[in-house]
Amino acid sequence: MANTEFVPSQLSISQQEALGTYTAVTNQEPAAAIPLLERSQWNVQIAIAKFFDGEATDPVEEARASLASSPAPPSQSSRQETLMNGFSRSTRPQTRSRLDPAPRIVPQPGNQNLYRPPFLLTLLFTPFNLLYRLLSGSLGLFTYLFPFLPRLLSGSVGGRVQPRRSGDTSGRKPLNPRDTAARFAREFEEEYGQHDLKFFENGYAQAYDLAKKDLKFLLVILLSPEHDDTSTFVRGTLLSPEVVSYVNDPQNKIILWAGSVQDSEAYQVATALNCSKFPFAALVAHTPQDSSTSMSTIGRISGLVPPSAFVPRLQSAISQHSAALERARASRNEQQATRNLREEQNSAYERSLAQDRERARQRREEEESRLRAEREAKAKAEAAERQTQNLEQWRLWRAQSILPEPTSSADEVTRVSIRMTSGERIVRKFRAEADIEELYAFVECYDKLSQNPASSTVAEPSNYEHQYRFRLVSPLPRIVYDLTSGETIGSKVGRSGNLLVEPIDDEDT
């Protein structure tokens with residue numbers, strides 16, 4: 001381009017912006033600036049640094065020159081058809097370099113809350129606000145009086161026609177992506193009638209994510225209601241039986257998303273996909289040859305294209321990238337199968353580990369239960385043995401304190417006949433003023449009294465409270481002589497009496 005005449009229309013918008021920034025800083029003529037920008041890969045900062053600091057030897061250019069001077073190895077070139085230009089001779093690395101990345105577009109909400117500065121800050125900037133409004137009004141009046149000046153200024157710089165965002169002036173209410181897609185589908189059906197196209201009922205970002213996740217092709221259709229070819233394209237191409245049948249075929253794995261550039265989301269998508277002419281169609285797919293997460297625009301169709309050319313271009317682009325997607329899909333399925341197998345193995349291991357833990361817990365509980373039963377049995381046996389020892393010691397101690405039998409000549413004597421549990425009958429005299437507990441103690445310690453214990457003194461057992469396991473009753477009439485009555489033998493039994501010893505069971509206590 002350095003040897004040809006400068007034609008602004010041959011530059012893209014980004015190149016025109018870079019050229020404008022460069023010439024504004026360096027004040028260099030565009031015809032002389034373009035070669036330097038081309039050598040700098042249209043990087044404005046590098047070009048400005050080269051302009052002021054001087055250009056050094058470019059190792060990349062030297063390498064390219066050496067490669068160009070060396071004999072090229074024989075290679076088999078193939079003629080392939082693309083969506084941008086018919087048949088072209090290219091190699092595989094050149095095909096990859098022509099793929100533009102397809103960014104994920106998330107529309108900015110139009111109903112965000114505006115930032116309201118503090119009141120003091122508002123007062124501080126009030127003079128500047130008034131000056132800005134005054135200048136804006138003056139420029140607006142100047143534009144109204146001389147309406148041809150903006151067109152002359154904008155026409156002086158050629159370039160690619162960008163889709164004009166008419167949604168800002170059409171009064172369309174900004175909606176969320178799902179509602180925007182529903183509104184487009186409703187307006188499309190109202191304008192063109194019933195159809196069989198299956199538009200994706202959500203935003204571009206959601207369709208983008210689904211195509212990336214399921215390794216499908218995302219067909220983006222962008223329409224401009226103000227364009228003259230829109231109605232012809234929709235009725236003659238998009239709604240034609242060939243296109244509808246091909247897009248709806250599940251074997252082609254196509255996700256169809258469409259939008260109107262009157263909406264903010266579709267306008268942002270058109271800008272990101274470098275839309276140059278309406279109607280516009282772009283095919284976006286995952287390109288595993290670039291990276292494991294890359295999404296690229298593998299084909300574009302601009303302008304009014306008949307169905308006989310629209311479908312073959314889609315078929316060509318899909319066939320060129322189907323093999324790579326199939327390999328990626330097979331690799332992903334293999335990874336998923338490996339992941340599922342690993343999860344199943346981990347689950348089986350966890351279940352086995354849980355069963356082992358459960359068996360270990362049961363064994364531990366059984367062992368603890370056995371040890372606890374042994375401790376309880378041992379403690380119970382020790383308590384019974386201690387109870388027996390205390391009872392024996394108490395009998396010996398109590399036998400020492402039992403009053404001797406009074407003589408027949410003694411006054412206030414009660415003669416009692418006691419039938420023991422063994423059937424033996426004992427007749428003994430007791431002092432009438434003695435407590436009724438004396439009778440119980442005599443029955444309890446009778447075997448010790450009959451053994452004539454030694455004269456050594458036995459101490460009362462400590463921490464022991466004796467309980468009599470029998471009761472004394474008179475048969476006719478039946479009278480129970482309880483210890484709680486606190487009466488004497490004489491007042492309870494009288495001058496004489498017959499008593500029976502009845503054992504007390506545990507249920508009776």
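Me: Leaving aside its neighbours within four places in sequence, which residues is leucine 283 in contact with?

Reply: Contact here means heavy atoms within 4.5 Å. On that basis, leucine 283 is in contact with Phe217, Leu218, Leu219, Ser296, Thr297, Ile298, Gly299, Leu314, Ala317 and Ile318, not counting neighbours within four places in sequence. Keep in mind that this is a predicted model, where local features need pLDDT of at least 70, side-chain atom pairs count only at pLDDT 80 or more, and totals for chains, interfaces and linings use all residues. Residues are numbered from 1 along each chain as its sequence is written, and side-chain values use heavy atoms, with hydrogens and water left out.

Me: Okay, which residues touch the most other members of the largest nonpolar core?

Reply: A nonpolar core is a set of buried Ala, Val, Leu, Ile, Met, Phe, Trp, Tyr and Cys residues joined through side-chain atoms within 4.5 Å. Buried is under 20% relative accessible area, exposed is over 50%, and partly exposed is in between (1.4 Å probe, protein chains only). The largest core has 34 residues, and Phe188, Phe217, Leu219, Ile221, Leu283 and Phe310 touch the most other members. Among the elements supplying at least two residues each are β4 (217-223), β6 (280-286) and α14 (307-401). Helices (H or I, at least four residues) and strands (E, at least two) are DSSP runs numbered from the N terminus. Helix α14 gives the most to this core, seven residues. Another core, of 25 residues, lies apart from it and includes Ile402, Ile426, Tyr440 and Val501.

Me: What is the order of the strands in the open sheet of five?

Reply: Strands pair if DSSP finds at least two bridges between them. Here the order is β9-β8-β12-β10-β11, with mixed pairing. The edge strands, β9 (425-431) and β11 (479-481), have a single partner strand each, so one side of each has no neighbour in the sheet. Further in, β8 (413-419) and β12 (496-503) pair in the parallel sense over five bridges, and isoleucine 418 stands opposite leucine 499 in β12. Helix α15 (437-444) packs on the sheet, touching β8, β9, β10 (470-474), β11 and β12, and its direction makes about 120° with that of β10. For such angles, axes are lines fitted to C-alpha atoms (for helices, over the stretch in contact), and angles run from 0 to 180 degrees between N-to-C directions.

Me: What describes a pair of aromatic rings?

Reply: You use the distance of the centres and the angle of the planes. Rings of Phe, Tyr and Trp (its six-membered ring) pair if their centres lie within 6.5 Å; planes under 30 degrees apart are stacked, over 60 edge-to-face, and the rest tilted. Tryptophan 394 and tryptophan 397 have centres 6.4 Å apart and planes at 50°, so this pair is tilted. Tryptophan 394 is buried, at 7% relative accessibility, while tryptophan 397 is partly exposed, at 25%. Tryptophan 394 also makes an edge-to-face pair with tyrosine 468, at 5.9 Å centre to centre and 80° between the planes. That pair links distant parts of the chain, 74 residues apart: tryptophan 394 is in helix α14, and tyrosine 468 is in the loop between α16 and β10.

Me: And where are the cis peptide bonds at proline 279 and proline 477?

Reply: Phenylalanine 278 joins proline 279 through a cis bond with omega about -10°, and proline 279 is in the loop between α13 (264-272) and β6. Leucine 476 joins proline 477 through a cis bond too, with omega about -15°, and proline 477 sits in the loop between β10 and β11.
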